[in-house]
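I opened this notebook to keep track of charged side-chain pairs and of what surrounds them. The entries below record what I looked up, in the order in which I looked.

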Amino acid sequence: MIDLHTHILPGIDDGPQSVEEALDVAASAAANGVSTVVATPHHRNGAFTNPGDAILPLVHSFNQELKAKGVPLTVLAGQENRIHGDLLDELRDGTAITLHHSRYVFIEFPSVEVPAYAKQLFFDIQMEGYVPIIVHPERNKTFVEQPEKLYQFVKNGALTQITARSILNRSSKRVRRFTEQLITHHLTHFMSSDAHNAGSRPFDLKRGYDVVADEIGAHYMETFQLNAARILENKSVLVDRPERIKKKRIMGLF
Ligand SMILES: [Fe+2]
């Protein structure tokens, strides 16, 4: 399995703090059936700043550690960019980096709002040849309450990635339900663990895939897996025509 969104590099964000801890996290990834991860450290999220030139050498040295310790896991370079107005400039100068040198770039929204400039920013970076992937939109309050806003981004060519834990029963019912709607309305294209450690935020991608296959539809799970592989080859991904999530109207006598 390929896991596109992970915090596995030592001492760089809120993932493992030491090389030893990172090796344990890597071993747990391998034990959970993951063969390749993209390391996506937080960048400009208010707590961590990790430019490309900090990530790339660390990916290289950590792969050497993994090889030396016999951990069967390959780590590729990526980044989780919190949205900001300088993103296109940062992509141009290498401060912001894409997933494994592809055209696909992870973009994280704040937990509550969708900034007004986001639409123009997405247009600009798409015009430059990048494909934005909104990470875990199910954790953004505005998207949950106004799914039309997410629909518009997807309709305009953005992709999205949901987190495995959102479909497992470890999130709120509302998030679980919204995540399921994102899948069935073709508003999401990848699932990842967003693992930070081997404990509270683990490599649970396999369990997430199992729930999608068993409870929603095996073809969705297969598409997610195929799309993850295609990112690493910088190929186009499978995208079904997005559908609007219609809110149920509560009828009553007034
Ligand atoms: Fe993350």
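What follows are my entries on salt bridges, and then on one threonine.

Entry 1, the model and the count. I am working with a predicted model, and I began by asking how many salt bridges the structure holds. The total came to 14 salt bridges. I keep in mind that side chains of opposite charge can pair when their charged atoms come close.

Entry 2, Arg44 and Glu90. I looked up this pair and found a salt bridge whose closest N and O atoms are 2.8 Å apart. The two residues link distant parts of the chain, since Arg44 sits in the loop between β3 (42-43) and α2 (52-69) while Glu90 belongs to helix α3 (residues 87-93), a separation of 46 residues. I then checked exposure at both ends: Arg44 is partly exposed with a relative accessible area of 32%, whereas Glu90 has 10% relative accessibility and counts as buried because the limit for that class is under 20%.

Entry 3, Arg82 and Glu108. Here I noted a salt bridge between the two side chains, at 2.9 Å from N to O. This pair, too, links distant parts of the chain, with Arg82 in strand β5 (residues 80-82) and Glu108 in strand β6 (residues 104-108), 26 residues apart. For Glu108 I read a relative accessible area of 7%, which places Glu108 among the buried residues.

Entry 4, Lys141 and Glu145. Where do Glu145 and Lys141 lie? I found both in helix α5 (residues 141-145), 4 residues apart, which is about one turn of the helix. Their salt bridge has its closest N and O atoms 3.2 Å apart. I recorded Glu145 as partly exposed, with a relative accessible area of 33%, and Lys141 as partly exposed at 44% relative accessibility. Before leaving the charged residues I also looked for shared partners, and wrote down that such salt bridges join Arg44, Asp86 and Glu90 into one network.

Entry 5, Thr142. I stayed in helix α5, where Thr142 is also found, and asked whether Thr142 counts as buried or exposed. At 13% relative accessibility, Thr142 is buried. I next looked at what the side chain of Thr142 reaches, and found the backbone oxygen of Val112 at 2.5 Å. Leaving aside residues up to four places away in sequence, I listed Val112, Glu113, Val114 and Lys149 as the residues that Thr142 touches.

Methods
Residues are numbered from 1 along each chain as its sequence is written. This is a predicted model: local features need pLDDT of at least 70, side-chain atom pairs count only at pLDDT 80 or more; totals for chains, interfaces and linings use all residues. Side-chain values use heavy atoms; hydrogens and water are left out. A salt bridge is a side-chain nitrogen of Lys or Arg within 4 Å of a carboxyl oxygen of Asp or Glu. Buried means under 20% relative accessible area, exposed over 50%, partly exposed in between (1.4 Å probe, protein chains only). A polar contact is a pair of N or O atoms within 3.5 Å; within protein, one must be able to donate a hydrogen and the other to accept it, and residues adjacent in sequence count only if both atoms are side-chain atoms. Contact means heavy atoms within 4.5 Å.
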